[in-house]
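Please load the model in a viewer and follow the selections below in order.

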Amino acid sequence: MYSSKRQFGNIGEDFVVKDLTARGYEIITRNYLKKWGEIDIVAYRNTNLHFIEVKTVTYVENPRFRAEENMTYDKIRKLQRTIQTFLGENTRQYHDTDWQIDLACVYLTTNQAGESELKKIEWMENVIL
């Protein structure tokens with residue numbers, strides 16, 4: 001059973017996967033997990049491998065903080081190590097492939113039935129960590 005935080009994150013990731021698929025990305029894997037970190041989504045498009053970190057928050061007009069502010073130093077360090085592990089495990093398949101890190105900031109609202117609805121996704125592509 002997932003925690004409510006994990007369930008909330010999964011909803012955001014589901015919206016991102018739909019957006020990526022609609023834009024022609026091939027989803028390689030979701031929730032690539034190692035003891036030292038996780039990659040939310042690994043996708044491929046136009047000869048590039050994309051490591052996508054998804055940050056999901058409840059949408060509020062004029063928020064006091066933005067979703068990307070959840071990218072802490074510790075999270076960045078773990079993400080870098082996990083990306084290196086993924087590339088090491090998949091050297092044959094992606095040895096000559098360019099790669100980048102993208103951040104998807106997902107903003108959700110709740111409808112009257114209590115279901116999450118997508119307000120917007122803000123993309124930060126090719127982020128340098």
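Accessible areas are calculated by the Shrake-Rupley method with a 1.4 Å probe. On that basis, the surface of this predicted model exposes about 8100 Å², of which carbon and sulfur atoms supply 48%.

Begin with the whole chain in cartoon representation. Three helices and five strands make up the secondary structure of the protein, and from the N terminus the elements follow the order α-β-β-β-α-α-β-β. The radius of gyration is 15 Å, close to the 14 Å given by the globule rule for 129 residues, so the protein is as compact as a globular protein of that length. Along the principal axes, the C-alpha atoms fill a box of roughly 50 × 30 × 30 Å. Of the 129 residues, 40% count as buried.

Next, select the strands. The five strands form an open sheet with mixed pairing, ordered S1-S2-S3-S4-S5. Its edge strands, S1 (26–34) and S5 (116–124), each pair on one side only. On average, neighbouring strands of this sheet are turned by 30 degrees against each other, direction ignored.

Now restrict the view to residues 37–45 and 48–58. These are strands S2 and S3, which pair in the antiparallel sense over five bridges. Select Val 42 to inspect one bridge position: its partner in S3 is Phe 51.

Finally, add residues 73–89, which form helix H2. Which strands does helix H2 lie across? Helix H2 lies across S1, S2, S3 and strand S4 (98–110), and it runs at about 55 degrees to S2.

For a contact map, note that residues 24 or more positions apart account for 55% of the contacts with a separation of 6 or more.

Methods: Residues are numbered from 1 along each chain as its sequence is written. This is a predicted model: local features need pLDDT of at least 70, side-chain atom pairs count only at pLDDT 80 or more; totals for chains, interfaces and linings use all residues. Side-chain values use heavy atoms; hydrogens and water are left out. Two strands pair if DSSP finds at least two bridges between them. Helices (H or I, at least four residues) and strands (E, at least two) are DSSP runs, numbered from the N terminus. Axes are lines fitted to C-alpha atoms, for helices over the stretch in contact, and angles run from 0 to 180 degrees between N-to-C directions. Contact means heavy atoms within 4.5 Å. The radius of gyration is taken over C-alpha atoms; the globule rule is 2.2 Å times the number of residues to the power 0.38. Buried means under 20% relative accessible area, exposed over 50%, partly exposed in between (1.4 Å probe, protein chains only).
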